Amino acid sequence: MTDDRVLFEVDAEHRIATITLNNPERRNSYDAAMRDEIARCLDVVAEDDDITVVLLRGAEGVFSTGADMNNAYGWYGDERSPEDPGAKKSRPSQRRRLTVDRKSFGFYHNFLGFPKVTVGEIGGYALGGGFEMALMTDISVVARDTKIGMPATRFLGPALGSLHMFFHRLGPVLARRMLLTGDIIEAGAVEHLGIFTDTCDATQLPARARYWAQKAAKMPADGVVIAKEAFRLVEQSQAYQGEEVASYMFHAYGTNLQFSPGEFNFVKARAQHGTKEAFRLRDEHFHVPEPQ
């Protein structure tokens, strides 16, 4: 069964597959079902010898705001006993968190080490898991006004998954700044750091992303697959040792924080005030005016 919030099309002539996150009313945030559908599309590409490149993009000019936090615990399922369905829903157990997060980060690890060339068309917003996927693409094309960041650190803490990747791709200074503050910045502000392959105006983004996809698709298909495995070996030996365990372990523990008085608890605020108001309260809590 397919999910129409994820679109998949193949340009056989140019050897390019396009995966589009199609959930614009939620700024292309995704839930577990969407993530699983993306994984199925990637499996199709991986098995097709006639496809060399996968282009990942978002509908209506927005890449992705990451995991849908409308139901923060919904990712972990309902652990209430079937014998007592009326029981009060409790926080997910640590074993549930580890089991679910192991699967979640299996998706990210597969995308990071994907055997075909991945090109990201990154516009509008690339936040949370959307930012992670943007950084994981082999060739990333980003609009200068794209908002990037990991705002989830403001309610899960800075020890999120993919820490190795953040430090490797962003560099230690920018990684610490973004993870320790939860700041959202514009991609153009870090253009000089070379984090993204190509930075352009938003009006040029689709054409620039397609240009890079077509360039990569000209490469010998066997050579690409061999190179991607070699790249993965180099990154695993130099930067990502232990990542497959550390990523889901830190994320699972981080989602079980105990909040002290005066700290912002997003899940509690969402339950009391709704998601939209919880986000407003979050931003209000973390706002610190710059010195004049």
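**Exercises on a predicted structure**

Helix 3, strand 7 (147-149), helix 4, helix 5 (163-170) and strand 8 (184-186) are among the elements that cover the buried residues of helix 6; contact here means heavy atoms within 4.5 Å. The model is predicted, with local features needing pLDDT of at least 70 and side-chain atom pairs pLDDT 80 or more, while totals for chains, interfaces and linings use all residues. Residues are numbered from 1 along each chain as its sequence is written, and side-chain values use heavy atoms, without hydrogens and water. Helices (H or I, at least four residues) and strands (E, at least two) are DSSP runs, numbered from the N terminus.

**Exercise 1. Determine which residues of helix 6 are buried and how they are arranged around the axis.**

Step 1. Buried means under 20% relative accessible area, exposed over 50%, and partly exposed in between (1.4 Å probe, protein chains only). In helix 6 (residues 172-181), Leu174, Ala175, Met178 and Leu179 are buried.

Step 2. The arc is taken from the directions from the helix axis to the C-beta atoms. These buried residues cover an arc of only 120°, which puts them on the same side of helix 6.

Step 3. Val173 and Leu180, on the other side of helix 6, are exposed. An α-helix has 3.6 residues a turn, so residues three or four places apart point the same way.

Step 4. Just after helix 6 comes glycine 182, with a positive phi of about 70°.

**Exercise 2. Compare the expected span of helix 1 with the distance between its end C-alpha atoms, then describe its buried face.**

Step 1. The expected span is 1.5 Å times one less than the number of residues. For the 16 residues of helix 1 (residues 32-47) this gives 22 Å, and the end C-alpha atoms, 23 Å apart, agree with that value.

Step 2. The buried residues of helix 1 are Met34, Arg35, Glu37, Ile38, Cys41, Leu42 and Val45. Seen down the axis, they fall within an arc of 160°, so they line one face of helix 1.

Step 3. The partners in packing are strand 1 (6-11), strand 2 (16-21), strand 3 (53-58) and helix 2 (94-112).

**Exercise 3. State where serine 29 lies, whether it is buried or exposed, and what it contacts.**

Step 1. Serine 29 belongs to the loop between strand 2 and helix 1.

Step 2. Its relative accessibility is 4%, so serine 29 counts as buried.

Step 3. Neighbours within four places in sequence aside, serine 29 is in contact with Asn23, Met34, Ser64, Thr65, Gly66, Ala67 and Asp68.

**Exercise 4. Find the backbone phi and the exposure of arginine 27 and glutamate 60.**

Step 1. Most residues other than glycine have a negative phi, and most peptide bonds are trans.

Step 2. Arginine 27, in the loop between strand 2 and helix 1, has a positive phi near 50°. With a relative accessible area of 42%, arginine 27 is partly exposed.

Step 3. Glutamate 60 occupies the loop between strand 3 and helix 2, and its phi is also positive, at about 55°. Its relative accessibility of 69% makes glutamate 60 exposed.
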